[in-house]
Amino acid sequence: MFPRVILNGTMIKKSQQKKITSPCNYKERFFVLDTQELMYSECRPGKKPVLKGCIRLCSIECVEIVFTDLPIPCSFKYPFQVFHDNHFLYIFAPDNDCRLSLKKATSWNPRCRELHGALQKTVIALQNYTPLTNKELALQKDKVYTLVDTFHPDWWKVQDKMGNTGLVPSTHVIENSGNNFERFEWYSKNMTREEAEDILIKEAKEGAFMVRNSRQTGVYTVSVFTKASSSNREKNPGVKHYQIRQTKTGEPTFYLAEKYLFHSIPELIHYHQHNAAGLITRLRHPVTQAGGCSQAIAGPSQDEWEVDPEELDFGQEVGRGQFGLVLQGRWREKKVALKIIKQECMSNEEFKEEARIMMRLCHSKLVQLYGVCTQRSPMCLVLEFMDNGCLSDYLRNKKGALSQNAMLEMCLNVSEGMAYLEMSNFIHRDLAARNCLVSKEYVVKLSDFGMTRYVLDDQYTSSLCSKFPVKWSAPEVIRYCKFSSKSDIWSFGVLMWEVYTEGRIPYENRTNAEVVESLNAGMRLLKPKLAPESVSMLMEWCWKEKPVDRPSFALLLHELSSLSYL
Ligand code: ADP
């Protein structure tokens, strides 16, 4: 049968950023949807259209409307995304009718579950969550919420049954869809029965488990290890295999040992992680494809932030800072940075309390704090490892080799992290290139946020003393120690200056006192030679005398993003 054209028209497609440093861009494409494929082509006046992409409809798993608060960077204001072959195609339609008709037109595809169901996806809370700011929403374990926006990878916007919306950590919820579970650590798609047994027996932990594809297509099996004796007739008595079954009719359909029915496999697994309910043991430790238990579900009594010293391997030194040594290390199969805190440097008790809050801050542009090890002395912080070290050194090392795009991307990364801190009502207090780190993929992330409050060295904390970062501080901080997101904005202006001077020290040959004097006289840092006019205007905006005249990070992020579309 020949394909029949259903719809065609011009839409805007977001680039699928192949390199992490490449700026996002948006291209006009001519889309054609027929009964078999969705194709898009580049059309230049006077030239033949060039086919740029073609997606078979049978490989589309989901077409969903995107709800976003972020500014939409083009005149086509109706975004939606098409999930296919493990990729997202992000498209902006010119109007809502066009967006809806595209969604409808693809809906005959039986694999495309989302199209048959309600427009809105739902999620289930895996644990309770207490909001830290008024932008967040409380979660109650096992309750269902409507998913409003997943634009941000770490913070999803959800709505409760009362109609209240807010952000919640994406790690605290699971999508409530039938077979969308590739992202779960317990899923080892292509593992055979024998391989699963080998891995689980090697792990030898009560309740270690994985979910794998059964030999029968479309069927899934849960393999679980137990020390409890079971039938000797089995080849490997330590491992039990349970098929996930489905009722023929009705909803919910999935069940395991007994007929506790669930709408989706993630829900079913989540339930059995807490209840044996007919299984030989409850599913305690998800085992990953490569082997090795990932973090067990924390029981209510377990301190989520306390790291067991037995689980830490200390490696070589990678740096030294004001708090002490930083070592490379390993924790739970992960390469981590271990920051050993000199006892005389920090007030322990207060910091431990704060570490709880800092651990809840998670964002792709923040160096993640995994936990704190307080049972050994000196205490140490377990942090995400950042292969390319601190931003100020990185800039100096790359002097002359940084493109305009790379510099803008660095500022964008930092402003994204800062917009998140601002939204979380968290003040950084010491934003500077030396306190940002660069990942293996060259993403710049914020580190040491909020830490200055725990420094006991008053040379550092008093604005009159030598170690106080005067050159990065807003006038109201220097005068009255008045920290706010707007004083962070000032420091961000200085950080942009550091980026565009490739790591120079601001006010290079001047003392702190001279800097204060020149700021009081209304003088500011000079425009870096490499900074385009648009960027230098943003710096000046950050350095307005009155905090209210400075932009918020949300606004600055918007401005910087629009520069990267140019
Ligand atoms: P402090 O905050 O105590 O002054 P820093 O955070 O500046 O210490 O760390 C000192 C150095 O250690 C950094 O310049 C960097 O080279 C290295 N370092 C710190 N944290 C990490 C990390 N998470 N990953 C890799 N290296 C790190």
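1. In this predicted model, the ligand is surrounded by 15 residues, and those that come nearest are Gln322, Lys339, Glu384, Met386 and Asp448. Sorted by character, the residues of this shell divide into eight nonpolar, three polar and four charged.

2. Two of these residues approach the ligand through their backbone. A backbone N or O atom of Glu384 lies 2.9 Å from a nitrogen atom of the ligand, and a polar backbone atom of Met386 is likewise placed 2.9 Å from a ligand nitrogen atom. With Asp448, by contrast, it is a polar side-chain atom that lies 2.5 Å from an oxygen atom of the ligand. Taken alone, the ligand would expose 550 Å², and the protein buries 90% of that area.

3. Which strands each supply at least two residues of the shell around the ligand? They are strand E19, which covers residues 312–321, and strand E21, which covers residues 334–340. Of the elements that contribute, E19 gives the most to the shell, with four residues.

4. A separate point concerns enclosed space, for the structure holds three cavities of 30 Å³ or more. The second largest cavity contains about 70 Å³ of space, and its lining includes Arg429, Asp430 and Leu431, together with Trp472, Phe483 and Asp488.

5. The lining of this second largest cavity divides into six nonpolar, three polar and three charged residues. Helix H10, which spans residues 485–500, provides the largest share of that lining, namely three residues; among the lining residues are Ser487, Asp488 and Ser491.

Definitions and conventions
Residues are numbered from 1 along each chain as its sequence is written. This is a predicted model: local features need pLDDT of at least 70, side-chain atom pairs count only at pLDDT 80 or more; totals for chains, interfaces and linings use all residues. Side-chain values use heavy atoms; hydrogens and water are left out. A residue is near a molecule or strand if one of its heavy atoms lies within 4 Å of it. A polar contact is a pair of N or O atoms within 3.5 Å; within protein, one must be able to donate a hydrogen and the other to accept it, and residues adjacent in sequence count only if both atoms are side-chain atoms. Accessible areas come from the Shrake-Rupley method with a 1.4 Å probe; for residues, only the protein chains shown count as cover. Ala, Val, Leu, Ile, Met, Phe, Trp, Tyr, Cys and Pro count as nonpolar, Asp, Glu, Lys and Arg as charged, and the others, Gly among them, as polar. On a 1 Å grid over the protein atoms alone, a cavity is a set of points where a 1.4 Å probe fits but cannot get out, and a pocket is an open set with protein on both sides within 12 Å along at least five of seven lines; lining residues have an atom within 4 Å of a point. Grid points are joined across faces, edges and corners, and a volume is the space filled by probe spheres set on the points.
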